[in-house]
Amino acid sequence: MPSFGAQKGVTSESSSVFHLWQGFSIGAVVIGGFVVVIFVYAIVRFRRKGDNIPRQSQYHLPAEVAYTVVPILVVFGLFAATLVVENKEVSNPKTDVIVNVNAFQWGWKFTYPGTHTSVIGQTTQAPTMVIPVNTNVHINLTSTDVLHGFYVKEFNFSRYALPGVLNQFTINAVKTGTFFGQCTQLCGLYHSLMFFNVKVVTMPEYTAWLAKTSNASTSSAAATATNQQTNTGVPTKPATSQGGN
Ligand SMILES: [Cu+2]
């Protein structure tokens, strides 16, 4: 089946969204094709052949009912399919892996409740959220200051991070790898650099990483994470800026 410009992504949720997109696209092609065919037929079959007015057919009740009811059914069908996929996205099955994601001007903080692990980074430091593969990962998404957007292309997923609001969703990655994420809401001066990464690893690797990063106290773990990011030599937010978390 053609992809219609979209991608399957790397989570079970992203493939549901992808299949929904395929369904929508096929529906559009079928309906669009039908419209083109009857247009061409009408243009050719009823082209002007003299001054006679062709047979008029308004008030043809069955035809009028059909072209009213059929589009309504199509809209309901698309609506129902969307509802099923959307509900799956926010179903939040019970899981042991929870990550609190906090967005701020202009960066991200990933904390792992029940552990001392905390990863924080801003702008081009692009902090990395580590999650296990083939596992439901519950995300608690919040914002410290203004509206932000949590978006990972390979997840086919975007969600607002809102101050004072807790947005919850579940990711089940089916592939290991590192995937690029970014803020999708214009949130201020360094919005365009508000990057992060999601690193999907095997469960043993995840457990080992968590044990390693959890050893230190909360603050030093966060500091270590920040230092590691800073030491990459990538320029970060200019010192003159006073934004922060
Ligand atoms: Cu932002």
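Helices and strands are here runs assigned by DSSP, of at least four residues for a helix and at least two for a strand, and they are numbered from the N terminus. In this predicted model, the elements of the chain follow the order α-α-β-β-β-β-β-β-β-β-β-β-α-α from the N terminus on. That amounts to four helices and ten strands. The chain has 245 residues, of which 34% are buried. Among its contacts with a separation of 6 or more, 67% are between residues 24 or more positions apart.

**Sheet with S4 at one edge**

- Five strands make up an open sheet in the order S4-S10-S9-S6-S7, and their pairing is mixed.
- Strand S4 (128–132) and strand S7 (157–161) are the edge strands; each has a single partner strand, so one side of each lacks a neighbour in the sheet.
- On average, neighbouring strands of this sheet are turned by 25° against each other, direction ignored.
- S4 and strand S10 (residues 195–201) run parallel and are joined by five bridges.
- Within this pairing, isoleucine 131 has valine 200 of S10 as its bridge partner, and threonine 128 has asparagine 197 of S10.
- Helix H3 (residues 203–214) packs on the sheet, where it touches S4 and S10, and the direction of H3 makes about 130° with that of S4.
- S9 and S10 run antiparallel, with six bridges between them.
- Glycine 181 is bridged to phenylalanine 196 in S10.

**Burial of S4 and S10**

- In a regular strand, side chains alternate between the two faces of the sheet.
- In S4, Thr128, Val130 and Pro132 point one way, while Met129 and Ile131 point the other way, and all are buried.
- Because five of the five residues of S4 are buried, this strand is largely enclosed by the rest of the structure.
- S10 is likewise largely enclosed by the rest of the structure, because six of its seven residues are buried.

**Copper site**

- The copper ion has four protein donors, namely His148 (ND1), Cys183 (SG), Cys187 (SG) and Met194 (SD), at 2.0 to 2.6 Å from the ion.
- The angles subtended by the four donor atoms around the copper ion are 97 to 124°. Four donors count as tetrahedral if all angles lie between 85 and 135 degrees, and the arrangement is therefore tetrahedral.
- Along the sequence, the spacing of the donor residues is H-x34-C-x3-C-x6-M.
- Histidine 148, in strand S6 (residues 148–152), and methionine 194, in the loop between strand S9 (177–183) and S10, are 46 residues apart, and the pair links distant parts of the chain.
- Both histidine 148 and methionine 194 are buried.

**Sheet with S3 at one edge**

- Another open sheet has five strands in the order S3-S2-S1-S5-S8, with mixed pairing.
- Its edges are strand S3 (118–122) and strand S8 (167–172); each has a single partner strand, so one side of each is without a neighbour in the sheet.
- From one strand to the next, the twist averages 20°.
- Strand S2 (residues 107–111) and S3 run antiparallel and are joined by five bridges.
- One residue in this pairing is lysine 109, whose bridge partner in S3 is isoleucine 120.

**Glutamate 64 in helix H2**

- Helix H2 (residues 61–89) contains glutamate 64.
- The relative accessible area of glutamate 64 is 27%, and this residue is partly exposed.
- Apart from its neighbours within four places in sequence, glutamate 64 is in contact with Gln58 and Tyr59.

**Confidence of the model**

- The average pLDDT of the chain is 86, and 88% of the residues score at least 70.
- Confidence in the chain is highest in S6, at 97, and lowest in helix H4 (residues 218–230), at a mean of 46.
- The pLDDT is below 50 over residues 217–222, a stretch that has seven contacts in the model beyond near neighbours in sequence.
- Residues 224–245 also have pLDDT under 50, and the model gives them 32 contacts beyond four places in sequence.

How values were computed
Residues are numbered from 1 along each chain as its sequence is written. This is a predicted model: local features need pLDDT of at least 70, side-chain atom pairs count only at pLDDT 80 or more; totals for chains, interfaces and linings use all residues. Side-chain values use heavy atoms; hydrogens and water are left out. Two strands pair if DSSP finds at least two bridges between them. Axes are lines fitted to C-alpha atoms, for helices over the stretch in contact, and angles run from 0 to 180 degrees between N-to-C directions. Contact means heavy atoms within 4.5 Å. Donors are N, O and S atoms within 2.8 Å of the metal (3.2 Å for Na, K and Ca); water is not among the atoms, so sites may look incomplete. Four donors count as tetrahedral if all angles lie between 85 and 135 degrees; four count as square planar and six as octahedral if opposite donors are over 155 degrees apart and all others between 65 and 115; anything else is irregular. Buried means under 20% relative accessible area, exposed over 50%, partly exposed in between (1.4 Å probe, protein chains only). pLDDT is the predictor's confidence in each residue, from 0 to 100.
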